Amino acid sequence: MNNHNFQSGFQKTALVTGSSSELGREIVENLIANGYEVFGVSLEGFSLEHDSYNDVLCDLSDESAVEELFEIVSEKNRGIRSSSPPCWSFSNGSISRSFFR
């Protein structure tokens with residue numbers, strides 16, 4: 001895992017797909033213990049009572065559901081920011097390159 005320098009005032013945020021699986025739950029709990037706000041994404045949901053956890057039901061194979069997921073994360077975090085390189089995504093057989101604010 002890369003150590004990133006986060007600007008003061010920005011919450012470390014993680015989006016964990018498959019959060020309802022055993023491994024996903026362990027990842028969620030570890031991230032919370034390390035000070036992250038976590039968005040857990042799954043088809044079934046994972047109930048965890050913690051101020052830093054947000055359970056989001058989402059079918060990642062549904063493009064409109066993924067767009068809604070990003071709206072939820074963006075609203076909660078005043079935008080989506082990444083110190084990572086751009087990500088590549090596949091849509092309708094084509095490759096697109098995305099940058100997050």
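The following exchange goes through some buried residues and the nonpolar cores of a predicted model.

User: What should I keep in mind about the model and its numbering?
Analyst: This is a predicted model, in which local features need pLDDT of at least 70 and side-chain atom pairs count only at pLDDT 80 or more, while totals for chains, interfaces and linings use all residues. Residues are numbered from 1 along each chain as its sequence is written, and side-chain values use heavy atoms, with hydrogens and water left out.

User: Why is Ser19 called buried?
Analyst: Buried means under 20% relative accessible area, exposed over 50% and partly exposed in between, with a 1.4 Å probe and protein chains only. Ser19 has a relative accessible area of 0%, and therefore counts as buried. Its place is in the loop between S1 and H1, where S1 and H1 are DSSP runs numbered from the N terminus (helices are H or I, at least four residues; strands are E, at least two).

User: What makes the approach of Ser19 to Val41 a polar contact?
Analyst: A polar contact is a pair of N or O atoms within 3.5 Å; within protein, one must be able to donate a hydrogen and the other to accept it, and residues adjacent in sequence count only if both atoms are side-chain atoms. The side chain of Ser19 reaches the backbone nitrogen of Val41 at 3.2 Å, so the distance falls within that limit.

User: Why are Ser42 and Asn54 also called buried?
Analyst: Ser42, in strand S2 (residues 37-42), counts as buried because its relative accessibility is 5%. Asn54, in strand S3 (residues 53-57), counts as buried because its relative accessibility is 14%.

User: Which residues does Ser42 contact beyond its sequence neighbours?
Analyst: Contact means heavy atoms within 4.5 Å, and, leaving aside neighbours within four places in sequence, Ser42 is in contact with Ser19, Ser20, Val56, Leu57 and Cys58. A polar atom of the Ser42 side chain also lies 2.8 Å from the backbone nitrogen of Gly45.

User: What makes a group of residues a nonpolar core, and which residues make up the largest?
Analyst: A nonpolar core is a set of buried Ala, Val, Leu, Ile, Met, Phe, Trp, Tyr and Cys residues joined through side-chain atoms within 4.5 Å. The largest has 9 residues, namely Ala14, Val16, Val28, Leu31, Ile32, Tyr36, Val38, Phe46 and Tyr53. Strand S1 (13-17) and helix H1 (22-33) each supply at least two residues of this core, and H1 gives the most, with 3 residues. Apart from it lies another core, of 7 residues, among them Phe39, Val41, Cys58 and Val73.
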